[in-house]
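Here's a walk through one chain and the RNA strand that goes with it. Have the structure open while you read.

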Amino acid sequence: MNKLLIICGPTATGKTRIASDLAKKFNGELVGADSRHVYKGLNILTGKDLPIDGTKIWAVDLVEAHEHYSVSQYQQFARGIIDDIHIRGNLPILVGGTGLYIRSVIKSIDTAAIPQNPSLRTTLYLQSVSQLQKILLSLDPKKWGNMNTSDRNNPRRLVRAIEVATWNTGHQKSQDHAPTFDVLWIGLTASLDKLRDNIKARVRARFTQGVVEEVRLLGKTLDDTMLPAATSLGLTIVRGVVSGQLREDDAIEQWTTQESSYAKRQLTWFRKDTSIHWFDITNGQYQREVEALVKEWYTS
RNA sequence: GCUGAGGUGGCGGAGCGGACAAUCGUAGCAGACUGUAAAUCUGCCGGCCGAAAGGCCUACCCAGGUUCGAAUCCUGGCCUCAGCA
């Protein structure tokens, strides 16, 4: 069975670095699993730290910053590229922090192929949450019944559910058959305090690397707040610095806070997956341990 | 020193006699997630007991007072800010 190595974890745990080390040792090619690294031009802002040793990384810089991109496109792209890597006889290493993107590669998402309906979305987003709830309830009571309180109050989920229900009435049921891989899934983590320290150091470094200039060059390209790339962490904060409304120190504080809570959301997502082998990056031995684990799996 | 404004939970900021352990935002904690996922949404968030309902305690700068009842009114004190000196 085709092997697939996955490296996940919250932001600022050094995923890319260990991934490229492993790539070297096991004929690997990296496939990014990061929803913001697919956009061109957002390099420093999104911490797109590419392997410095020449290791190949895919699924990065796929579209312009002002374009829309979503899991569905990622799923297709990533599965395709992983196929190619296998054909080349190399080991694909899926590395990133976007849990849904990783899942989309290895698990089926039956509704993934159902396209967005922009005009429907536009009208639906004018409705209140309770109106959306009523619409969904009448269109697809079963779906509604399966949703939990959190999702029933989530306009995005409601709109998509309505979109799917609307599409379903005119089409055959959509199905997705996930490819099967021999997966080894590794997770990198650390205590919340340690993560926060790492994040802060990283955010600070971004300023010396020139985020302010990078964001300035963006100009108005991300003014449309509906664009996914426009919601990249730190963007509005750095813009505050660009316009002179925010001091750099305060910007670093605020951005660190944003990234930290993002890291917590990532952990919440990954925690559920019991097949992940976790490693604490503050343990000095962890790289050797990871390598040993990969080796054992790779050669079996 | 005078005049004016004000001191509320980690922070910001409502409340201006009872329904206030105190709206809301933010931070914090926990969680959800099937085409925006670095998005979006949910719950908790003074202390103690309890599964919960609920109960008890300590609370709106400090000290007194008025009142059946005070974060809210009065007196004094301390502090902050703005204007004038």
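## Strand 1, in the middle of things

Start with strand 1: 5 of its 6 residues are buried, so the rest of the structure largely encloses it. Keep in mind that this is a predicted model.

On one side, strand 1 runs parallel to strand 5 (residues 182–189), and 6 bridges join the two. Leu5 has Leu184 as its bridge partner there, and Ile7 is matched with Ile186 of strand 5. Strand 1 also pairs with strand 4 (residues 91–95), again in the parallel sense, over 3 bridges. In that pairing, Ile6 stands opposite Leu94.

## The sheet around it

Zoom out a little, and what order do the 6 strands of the open sheet follow? Reading across, the order is 3-2-4-1-5-6, with parallel pairing. Strand 3 and strand 6 (277–280) sit at the edges, each pairing on one side only.

As general background, strands of a sheet pair through backbone hydrogen bonds, either parallel or antiparallel. It's also worth remembering that side chains in a regular strand alternate between the two faces of the sheet.

## What fills the core

The largest nonpolar core has 53 residues, and Leu5, Ile7, Ile93 and Leu94 are the members that touch the most others. Which strand gives this core its largest share? That would be strand 1 (residues 3–8), with 5 residues.

Leu5 is a good residue to click on. Leaving aside residues up to four places away in sequence, Leu5 touches Leu22, Leu91, Ile93, Leu184 and Val294. Leu184 shows up there as a contact, and Leu184 is also the bridge partner of Leu5 in strand 5. There's a second, separate core too: it has 7 residues, among them Leu124, Leu136, Leu158 and Val159.

## The chain as a whole

Chain A has 13 helices and 6 strands. Its C-alpha trace spans about 55 × 55 × 30 Å along the principal axes. A compact globule of 300 residues would have a radius of gyration near 19 Å, and chain A comes in at 21 Å, which agrees.

How much of chain A is made up of buried residues? The share is 30% of the 300 residues. Sequence-distant contacts feature heavily as well: among contacts in chain A between residues at least 6 apart in sequence, 79% join residues at least 24 apart.

## Where the RNA comes in

Now turn to RNA strand B. There are 48 residues around it, and Ser35, Arg36, Thr46, Ser72 and Thr111 come nearest. By class, the surface near RNA strand B has 23 polar, 15 nonpolar and 10 charged residues.

Several helices supply at least two residues each to this surface: helix 2 (71–87), helix 3 (99–106), helix 7 (149–152), helix 8 (155–168) and helix 12 (248–271). Helix 12 gives the largest share of the surface, with 8 residues.

## A few loop residues to check

Two loop residues have an unusual-looking backbone sign to inspect. Asn27, in the loop between helix 1 (15–25) and strand 2 (28–32), has phi near 55 degrees, a positive value in a residue other than glycine. Asn27 is partly exposed, with 13 other C-beta atoms within 10 Å. Asp61 lies in the loop between strand 3 (57–58) and helix 2, and phi of Asp61 is likewise positive, near 55 degrees, in a residue other than glycine. Asp61 counts as partly exposed because it has 17 other C-beta atoms within 10 Å.

Gln116 is another loop residue, placed between helix 3 and helix 4 (118–124). Is Gln116 buried or partly exposed? It's partly exposed, with 13 other C-beta atoms within 10 Å. Not counting residues up to four places away in sequence, Gln116 touches Arg121 and Glu163. For a sense of scale, pick Gln116 and Trp278: they are 162 residues apart along the chain, and their C-alpha atoms are separated by 36 Å.

Note on methods:
Residues numbered from 1 in each chain as written. Chains lettered and ligands numbered in written order. Predicted model: local features only at pLDDT ≥ 70, side-chain atom pairs only at ≥ 80, totals over all residues. Core = buried A, V, L, I, M, F, W, Y, C linked by C-beta atoms within 7 Å. Buried ≥ 20, exposed ≤ 12 C-beta atoms within 10 Å, placed from the backbone. Helix = DSSP H or I, 4+ residues; strand = E, 2+ residues; numbered from the N terminus. Contact = placed C-beta atoms within 7 Å. Near = placed C-beta within 6 Å. Nonpolar A, V, L, I, M, F, W, Y, C, P; charged D, E, K, R; others polar. Rg over C-alpha atoms; globule rule 2.2 N^0.38 Å. Pairing = 2+ DSSP bridges.
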